[in-house]
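Me: Could you take a close look at a single helix in this model and tell me how its buried residues are arranged? I would like one connected explanation, with a few words on other enclosed places afterwards.

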Amino acid sequence: MHIRKILLPLSGAENAGSALGIGVMFAQRFNAHIAGLHVGSDWQEVSPMAGEGLSGAMVQEMIAAALHESAGHLKEVRQAFHTFIEGAGLPIVAPRSALSTIPMDRPSASFTAMAGNMYTVVAHQARMSDIVIVRNTGASGQVSSSDALHATLFDSGRCVVVAPIERPVSVGRRICIAWNGTTEAATALRHALPWIVEAEEVRILYSRSYQRLGPEARHVKHYLDIHGVDTTMHEFHADGRGVGAALLEACHDFNADMMVMGAYSHSRLRQMILGGVTRHVLENGKLSVFMSR
């Protein structure tokens, strides 16, 4: 799998530095193109409210306010993107000509602003990307409820990297694979191979309380052996703390800078209401998380 296009949706500039930093590291590693994306308000999403007891004047006022706020966010995000990318020494090109005028033997970037529903736009754009990087919303909102994250996982067929709040020094050098035998874990493993085969150290994390019906950790080790990847295996124990907390502790002990895992092995609704491994990792992890479903 070749990594050539990295989608980086940014709805705001807060905590964007970590996602941008990861994007640059990936672009430099794979000579890839970073496609920055900002999705602004669409007045058509506001206008139907006229039929809900609001007068035409009130709707027009709401539309004007929404567009004004969206324009402010766009200016802020565009400036943050350009400043960061230019500081990293990557050329910024016009979105429509990005892939046709810039040689793909070196990293590059572009920025596009679109109007519409965040979930729909990101899902569609992600389908024509190799990987999506989502910023951690931190104190401004739970990352597990991010539209960009769910659009990628559920409606794009692509994988996503959730950036930690703090900008990491490295990503993908020391990798932990959270293995439980599920289809989601297998998909994440397959798509993470470009990082896994280049990593300095790789560890497979497994636990009886985490394992589902499917291949075991020893089978993963054999699979990666065939790919020329030397791995170690580590059995972690939840001990009443919850699998998510135990996974993060195991990653910390290994000094991992990225964890590869399947997302929402149980239903999304169940995990969002009751918690679950995915939600805990997303909202408590301090390392980059490579996820697939």
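Reply:

**The buried side of helix α7**

In this predicted model, helix α7, which spans residues 183-191, has Glu 184, Ala 185, Ala 188 and Leu 189 as buried residues. These four lie on the same side of α7, because the arc they cover around the axis is only 135°. The spacing fits a general rule: an α-helix has 3.6 residues a turn, so residues three or four places apart point the same way. The cover over the buried residues of α7 includes the strands β6 (174-178), β9 (258-262) and β10 (288-292), together with the helices α8 (193-196) and α9 (217-226).

Helix α9 also leads us to a loop, for Ser 207 sits in the stretch between β7 (201-206) and α9. Ser 207 counts as buried because its relative accessibility is 6%, and the cut-off for buried is under 20%. Its side chain makes a polar contact of 2.9 Å with the side chain of Ser 209, and the side chain of Ser 207 also reaches the backbone oxygen of Phe 236 at 3.2 Å. If residues up to four places away in sequence are left out, Ser 207 touches Glu 235 and Phe 236.

As for enclosed space, the structure holds 1 cavity of 30 Å³ or more, and the largest cavity contains about 40 Å³. Among the residues that line the largest cavity are Asn 136, Val 162, Pro 164, Leu 282 and Val 289. The lining as a whole divides into 7 nonpolar and 2 polar residues, with no charged ones.

Methods. Residues are numbered from 1 along each chain as its sequence is written. This is a predicted model: local features need pLDDT of at least 70, side-chain atom pairs count only at pLDDT 80 or more; totals for chains, interfaces and linings use all residues. Side-chain values use heavy atoms; hydrogens and water are left out. On a 1 Å grid over the protein atoms alone, a cavity is a set of points where a 1.4 Å probe fits but cannot get out, and a pocket is an open set with protein on both sides within 12 Å along at least five of seven lines; lining residues have an atom within 4 Å of a point. Grid points are joined across faces, edges and corners, and a volume is the space filled by probe spheres set on the points. Ala, Val, Leu, Ile, Met, Phe, Trp, Tyr, Cys and Pro count as nonpolar, Asp, Glu, Lys and Arg as charged, and the others, Gly among them, as polar. Buried means under 20% relative accessible area, exposed over 50%, partly exposed in between (1.4 Å probe, protein chains only). Helices (H or I, at least four residues) and strands (E, at least two) are DSSP runs, numbered from the N terminus. The arc is that of the directions from the helix axis to the C-beta atoms. Contact means heavy atoms within 4.5 Å. A polar contact is a pair of N or O atoms within 3.5 Å; within protein, one must be able to donate a hydrogen and the other to accept it, and residues adjacent in sequence count only if both atoms are side-chain atoms.
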